[in-house]
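Q: I'm new to this one and would like a close look at a single part of it: the charged side chains and how they pair up. Could you walk me through that?

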Amino acid sequence: MSSVSSWECEGLDQCLQDVAVEARELYLDPEVPYLDLPPSPLDFHRSWVSPNKPVIIRTAIQHWPALSKWNPQYFRQTLGEKEVTVAVTPNGYADAVHDGKFVMPEERTMKFSSFLDIMERKTQPNGIFYVQKQNSNFTEEFQEIIPDADVEISWASEAFGKLPDAVNFWMGEEAAVTSMHKDHYENLYCVISGQKTFTLLPPTDLPFIPYGLFQPARYHENAEGKFDVIDEEGVDFVPWIPVDPLDPDLDRYPEFGHAQLLTCTVKAGEILYLPSLWFHHVQQSQGCIAVNFWYDMEYDIKYNYFKFMEAVVAKKNDVFKRKNKNIVLQ
């Protein structure tokens, strides 16, 4: 690797930048487009899934009773005494890099009525609270309200040729933020109440997105009301993205300056189709309620090409690190 010349590294870097530029010129939309009606399975697959492009569908869940029923009063009647799993952090960032570690939330079990008190700001406990357990918690923990929504998106299930792997329920505070990451799922994200703002980057922007390996840890509130960060022992380091796309440190991550962020806001009654392997960062309004459907992606040539690019980027970064180390030593 040390025999690779500087101009070869720069040439490779330019090739990777060209991939992102050409993707935007050839097929990516400058903004996330809208559909006023749900697509047919064929059109959904042909126009959005196959080219791996996001889209917002405006009227696909208007038949869900949840749109009119899901509010604090209804939840108190149907779920008030139910024990649910809640993620708690000091800063709103669960599953994110903090002080050089990948820190996960403290998970607590509490009555849903107590959680609603926090959402309505009737109580102000220490920390930021978010129902976000991603284990198909809608079907596993919230059986009482399943009749208010569908457990699949029928035209998506037909297009994908499978049922969703997981259906998740989300509700949390405005300060709860999802740090930038990607998933190996086709994601149908349905907002029931409030709104979510997604900051997106396509898979072809991978060369500009910094990754690192981080010690996994977990928040834990101590007796004094402060949050300790406790290392998780005996587990592998976690690959994660340390940059905040809304306030990037370009001195530390200059390549991120080439990324072109795509931002969209998904409002109540709308679905965002978020394709597999797209990088996303998520913010929300206070008490926002959502349900999302994860369909496992196809591990086809698209995935092969992504893994190839991932390996090339890793090799390029390794070469630059070695060269910079040699320069320092000289």
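Which residues are linked with R76 in a network of salt bridges?

A: Keep in mind that this is a predicted model. R76 is linked with D117, E120 and K122 in a network of salt bridges. That network is part of a bigger picture, as the structure holds 21 salt bridges. Let's go through a few of the others.

Start with D205 and R24, whose side chains meet in a salt bridge with N and O 2.8 Å apart. These two come from distant parts of the chain, 181 residues apart: R24 sits in helix α1 (residues 6–26), while D205 is in the loop between β12 and β13 (212–221). Their surroundings aren't alike on paper, either. D205 counts as buried because its relative accessibility is 0%, whereas R24, at a relative accessible area of 22%, is partly exposed.

Next up is E298, which forms a salt bridge with K162; here the closest N and O atoms are 2.9 Å apart. Again the partners belong to distant parts of the chain, this time 136 residues apart. Both are in loops: E298 between β19 (288–296) and α8 (301–329), and K162 between α7 (154–160) and β9 (166–172). E298 has a relative accessible area of 44%, so it's partly exposed. K162 counts as partly exposed too, with 23% relative accessibility.

Then there's the pair E186 and K302, with a salt bridge of 3.6 Å from N to O between their side chains. E186 lies in strand β11 (residues 185–193) and K302 in helix α8, so this salt bridge ties together parts 116 residues apart in sequence. E186 is buried, with just 3% relative accessible area, but K302 is partly exposed at 24%.

Now for a charged residue without such a partner: K196, found in strand β12 (residues 195–201). K196 is buried yet has no salt bridge. The nearest side chain of opposite charge belongs to D183, and that is 12 Å away. A salt bridge needs the nitrogen and the carboxyl oxygen within 4 Å, so a partner at that distance doesn't qualify.

What does K196 have instead? Its side chain is joined to that of Y189 by a polar contact of 3.0 Å. Leaving aside residues up to four places away in sequence, K196 also touches a whole list of others, including Y130, W170, V191, C264, T265 and V266. Further along the chain, V282, Q283, Q284, C288 and A290 are among the residues K196 touches as well.

Definitions and conventions
Residues are numbered from 1 along each chain as its sequence is written. This is a predicted model: local features need pLDDT of at least 70, side-chain atom pairs count only at pLDDT 80 or more; totals for chains, interfaces and linings use all residues. Side-chain values use heavy atoms; hydrogens and water are left out. Helices (H or I, at least four residues) and strands (E, at least two) are DSSP runs, numbered from the N terminus. Buried means under 20% relative accessible area, exposed over 50%, partly exposed in between (1.4 Å probe, protein chains only). Lys and Arg count as positive and Asp and Glu as negative; His and the chain ends are not counted. A polar contact is a pair of N or O atoms within 3.5 Å; within protein, one must be able to donate a hydrogen and the other to accept it, and residues adjacent in sequence count only if both atoms are side-chain atoms. Contact means heavy atoms within 4.5 Å.
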